[in-house]
Amino acid sequence: AAAAVAAPATKVALAKPPKLSKEAPKPKPPTSVTVDHVSAPGLLDYGTHLLVRSGVIVPSAEEQKRRGRSFVCYNACVSPSHVVSGWGLAALSADEKTRHFVEKMLEEKALDLTISKKSKTADDTLHPSINCIVYELGPPSFVRLYIEPQFAIPQITAIVDEINGAYGDTDAPVIKPLCFSCDDSGDATARKINHDVSTFTQKRISTVIDMHANLNRLAQACVVSAFASTFMWRLTDQAAQPVWSNFYGGMEKKKSWTSKIRSLTDSGAYRFTKSDQYDCIELCSENPAELCYLIRPNNQPISEWITSVSGSFIDQMISELPKAKQITVSVPVFTVETPMRLGEAASQSRGHYSLWRLFDREKCKLTRIFYKNQEDSLCTLPLWDHYHQTVFQLTCKPLVQPVAVQDAEQPKTDIELLDAVVENKPEERLGGGTEDGAKAAKWTYHKTEDCTHELYKEEPRPPQIAPNGDTSAMPGKLSFDTPFLFVVRKLTGKSAKLPVCLGIFSNTDTDDQHDVA
């Protein structure tokens, strides 16, 4: 009999775990990270790096003499926490390799992040930590990623919600489409971004992107971060009033570099240090959790001194301040509101804080929010620049909050009308014979051609108070009448000290004059 041929055993397919689609990332368990659990000692070091490398720094004596003391870029201020949040937003929107590259730099270098064991309930604690730090600093703050819209490719709702949950909310999404390619000069695009910032911050911040921004139609994505901080100095003498005093552009106190500024003088108990190398004083705020430190070099120009200052050196100076003693101190009442471009320094291929991959046109793809097919047809989409502005004001009186007036609905501007047409009917944005398309074409032309003549026109400023008679030297025994560094820190938890902002003040004419060179 023919031997029966055994049938081959059929292979039993093992049940594989379902692959998560790109549009539905694996949800992570909620974190319980609070500001008390977060330690970020690297923020102060990163802030000093931004001041030196951003291009907004005190010039040398020769440069100061050539340009005149009214050069607009003498003063500078930066909030390192908001800068980090802008980089974090770009990282969440990028491809996997770029995201890991940026997150590694932020966690290990810019933040030097340490999380207590009690709060490690999830794998990703970087972005929740950044979010709680920014939240602790309070409003008004603004962090957005403007990206070229891809009208033919839909967005992935789950990823967009994930990013909004990390750095924004549903009412104020942090990723906003903006057509860079329809604006050759970039002037109207800058006007649109400045309008968004001014509206969101209730006009506390108005010019994040200035005429030197180098924004044009070649851009495809940019990060914008802004923050406003006001330090209200708690005076011992509540009846003290600002008086006009002399402020010198250099430590030599030359008469040719003398300008006028309003200053406050107070006698009380302060922690301070006076030496041949530097002067340092601690100012208390009406908010018990905030402290402001003024540091001034005495043996070299501040333009040279700031290049060698680190965050650890500032911490050492502050920690060595003795107990409070009686002294009369004079401090100028000032405001710093200088826009910054952070992309030029961050795009360098070498450097401790380099983020070159974000700006690489061959490797960076800020397209994580868009659907992709198997061929990954989306081209590279790199970051163009990171625009940042921190507005800082030192005063002794609280700011008057604007009162909301219920007026009739104001007519929309041409840019707002254009945005409404593009968002409602993007397929008709270039015309096509329809009524909305014709309006879009008309408003696009008006946006790029006719609206730019008033783009950089300054808003009317309140009349300057003229000094009564001749100004004199500041009467305080410790008078900050020469360029100095200011650092604002906020006490969080038991001993944590979070840097709110830091900057340089050395020129009193930047609020009402421009570069005379």
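**Exercise 1. Locate proline 140 in this predicted model and describe the peptide bond that joins proline 139 and proline 140.**

Step 1. Proline 140 sits in the loop between H5 and strand S4 (141-147).

Step 2. Read omega for the bond between proline 139 and proline 140: the value is about -5 degrees, and the bond is cis.

Step 3. Compare with the general pattern: most peptide bonds are trans.

**Exercise 2. Work out the order of strands in the six-stranded open sheet, and find what lies across S17 and S18.**

Step 1. Follow the pairing from one side of the open sheet to the other: the order is S2-S18-S17-S11-S10-S9, with antiparallel pairing.

Step 2. Identify the edges. Strand S2 (76-78) and strand S9 (272-274) each pair on one side only.

Step 3. Take the angle between neighbours: ignoring direction, neighbouring strands of this sheet are turned by 20 degrees against each other on average.

Step 4. Look at one pair inside the order. Strand S11 (residues 290-297) and strand S17 (residues 484-492) run antiparallel and are joined by six bridges. Leucine 294 stands opposite phenylalanine 486 in S17.

Step 5. Add the helix. Helix H5 (residues 126-137) lies across S17 and strand S18 (496-505), and its angle to S18 is about 65 degrees.

**Exercise 3. Decide whether tyrosine 46 is buried or exposed, and list its contacts beyond four places in sequence.**

Step 1. Place the residue: tyrosine 46 belongs to helix H1 (residues 42-53).

Step 2. Apply the cut-off. Buried means under 20% relative accessible area. Tyrosine 46 has 2% relative accessibility, so the residue counts as buried.

Step 3. List the contacts. With neighbours within four places in sequence left aside, tyrosine 46 touches Pro80, Val83, Val84, Trp87, Ala110 and Tyr353.

Step 4. Check for a polar contact among side chains: one of 2.9 Å joins tyrosine 46 and tryptophan 87.

Step 5. Note a separation along the chain. Tyrosine 46 and aspartate 112 are 66 residues apart in sequence, and their C-alpha atoms are separated by 9.9 Å.

**Exercise 4. Compare the span of helix H7 with the expected value, then examine the residues just after H7.**

Step 1. Helix H7 (residues 187-200) has 14 residues and reaches 20 Å from its first C-alpha to its last. This is close to the 20 Å expected at 1.5 Å a residue.

Step 2. Find the buried residues of H7: Ala188, Thr189, Ala190, Lys192, Ile193, Asn194, Asp196, Val197 and Ser198.

Step 3. Move on to the loop between H7 and strand S6 (221-232), where glutamine 202 lies. Lysine 203 is in the loop between H7 and S6 as well.

Step 4. Read phi. Glutamine 202 is not a glycine, yet has a positive phi of about 55 degrees. For lysine 203, phi is near 65 degrees, again positive in a residue other than glycine. Most residues other than glycine have a negative phi.

Step 5. Read accessibility. Exposed means over 50% relative accessible area. Glutamine 202 has 56%, so this residue is exposed; lysine 203 has 67% and is therefore exposed.

**Exercise 5. Summarise the chain as a whole: how many helices and strands are there, and what share of its residues is buried?**

Step 1. The protein chain has 13 helices and 18 strands.

Step 2. Of its 517 residues, 47% count as buried.

Step 3. The exposed area of the chain is about 26900 Å², of which carbon and sulfur atoms supply 51%.

Step 4. Of the contacts between residues at least 6 apart in sequence, 77% join residues at least 24 apart.

How values were computed:
Residues are numbered from 1 along each chain as its sequence is written. This is a predicted model: local features need pLDDT of at least 70, side-chain atom pairs count only at pLDDT 80 or more; totals for chains, interfaces and linings use all residues. Side-chain values use heavy atoms; hydrogens and water are left out. Helices (H or I, at least four residues) and strands (E, at least two) are DSSP runs, numbered from the N terminus. Buried means under 20% relative accessible area, exposed over 50%, partly exposed in between (1.4 Å probe, protein chains only). Contact means heavy atoms within 4.5 Å. Accessible areas come from the Shrake-Rupley method with a 1.4 Å probe; for residues, only the protein chains shown count as cover. Two strands pair if DSSP finds at least two bridges between them. Axes are lines fitted to C-alpha atoms, for helices over the stretch in contact, and angles run from 0 to 180 degrees between N-to-C directions. A polar contact is a pair of N or O atoms within 3.5 Å; within protein, one must be able to donate a hydrogen and the other to accept it, and residues adjacent in sequence count only if both atoms are side-chain atoms. The expected span of a helix is 1.5 Å times one less than its number of residues.
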